[in-house]
Amino acid sequence: MKNIGKLYLIPTTLTDLSNPDSLKEFSAMEVLPQTVKRAIELIDHYIVENEKTARKSIRAVFPEKKQPDLKISLLNKHTDVADHQQMLAPCLEGFPVGLLSEAGCPGVADPGAAIVKIAHEKGIQVVPLVGPSSILLALMASGMNGQSFAFNGYLPIEKSEKKQALKNLEKLSADKNQSQIFMETPYRNNKFLEDMLQTLQPNTLLCVACDITLPTEYIKTSTVANWKKTKVDLHNRPCIFIIHRTN
């Protein structure tokens with residue numbers, strides 16, 4: 001009986017490897033362990049969100065990898081759900097497959113979770129590899145409740161819905177003593193911060209964590225009242241936001 005290949009969940013850096021400015025004083029192997037390098041050396045079949053950036057990520061970790069040998073399947077909002085099963089076909093033929101996140105860890109705020117679910121259904125062993133998670137790193141550095149927290153993804157874009165969602169999360173935080181984590185599309189960060197400062201209570205704690213693991217890393221926790229006195233430019237910088245309110 002043919003052996004079944006494993007599905008490796010391969011984390012990537014939290015920086016944009018296509019942007020030269022973001023790579024100054026930065027090395028992928030400073031934030032990724034050797035297990036990631038060994039996995040990429042072993043694997044030729046990959047499931048990724050964007051082929052161009054995935055190839056750059058692979059090259060950054062293991063420059064010796066022969067790019068023409070890579071067999072890449074795309075998994076993003078344009079992918080037909082009917083194609084998901086076929087992406088794991090190499091595993092059933094005995095080959096390992098790498099699920100590569102666009103940034104951070106696969107399956108967390110990432111479409112790869114759908115592939116992992118299918119792998120379990122097919123009896124394919126899933127191997128998560130250690131790497132940076134902006135969500136957990138932000139929580140670690142926030143000083144907020146690491147015993148009880150929730151990640152809420154993206155909040156609504158429409159202003160009134162967004163403000164209502166913020167008020168609901170603020171109340172939930174107070175009721176459950178639970179830190180609430182969320183994110184925004186980078187080019188909307190400054191407006192999002194402005195909306196938070198207009199909506200949340202003055203004594204609510206707010207953590208802003210951006211450019212995590214980069215030389216430009218900025219992480220600050222303070223009250224909403226103090227944030228209103230702080231000037232910071234978050235435009236196009238990957239950010240995680242955390243709020244916590246106590247009664």
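Reader: In strand β10, which residue is the bridge partner of Met-183?

Author: In this predicted model, β7 covers residues 179-183 and pairs with strand β10, residues 239-244, in the antiparallel sense over 4 bridges. Within β10, the bridge partner of Met-183 is Ile-240.

Reader: Which residue of β7 is the bridge partner of Phe-151?

Author: Strand β6 (residues 149-154) runs parallel to β7, and 4 bridges join the two. Together with helix α7 (residues 159-176), β6 and β7 make a right-handed β-α-β unit. The partner of Phe-151 in β7 is Ile-181.

Reader: Which residues of β7 lie on each side of the strand, and are they buried or exposed?

Author: In a regular strand, side chains alternate between the two faces of the sheet. In β7, Ser-179, Ile-181 and Met-183 lie on one side, with Gln-180 and Phe-182 on the other. Both faces are covered, and these residues are all buried.

Reader: Is Lys-65, which meets Asp-44 in a salt bridge, buried or exposed?

Author: The side chains of Lys-65 and Asp-44 meet at 2.9 Å, N to O. This pair links distant parts of the chain, with Lys-65 in the loop between α2 and β3 and Asp-44 in the loop between α1 and β2, 21 residues apart. Asp-44 counts as partly exposed because its relative accessibility is 27%. Lys-65, at 9%, counts as buried.

Reader: Which residues are joined into one network by salt bridges that share partners?

Author: The side chains of Lys-162 and Asp-195 meet in a salt bridge of 2.9 Å, N to O. Lys-162 belongs to helix α7 and Asp-195 to helix α8 (residues 189-199), 33 residues apart, and both are buried. Asp-211 and Arg-237 form another salt bridge, at 2.8 Å. Salt bridges that share partners form one network from Lys-162, Lys-191 and Asp-195.

Reader: How many residues apart in sequence are the parts that Asp-211 and Arg-237 tie together?

Author: The side chains of Asp-211 and Arg-237 meet in a salt bridge. Asp-211 is in the loop between β8 and β9, and Arg-237 is in the loop between α9 and β10, so the parts tied together are separated in sequence by 26 residues.

Reader: What accessible area do Leu-136, Met-140 and Phe-149 have together?

Author: Leu-136 is located in helix α6, residues 134-142. Because its relative accessibility is 44%, Leu-136 counts as partly exposed. With Met-140 and Phe-149, Leu-136 forms a nonpolar surface patch, and their accessible area together is about 320 Å².

Terms used: Residues numbered from 1 in each chain as written. Predicted model: local features only at pLDDT ≥ 70, side-chain atom pairs only at ≥ 80, totals over all residues. Heavy atoms only, no water. Patch = residues over 30% accessible without salt bridge, like charges linked within 9 Å, V, L, I, M, F, W, Y side chains within 5 Å. Areas by Shrake-Rupley, 256 points an atom, 1.4 Å probe, with all protein chains shown as cover. Salt bridge = Lys/Arg side-chain N within 4 Å of Asp/Glu carboxyl O. Buried < 20%, exposed > 50% of the residue type's maximum accessible area, 1.4 Å probe, protein only. Pairing = 2+ DSSP bridges. Right-handed = clockwise from strand over helix to strand, strands pointing away.
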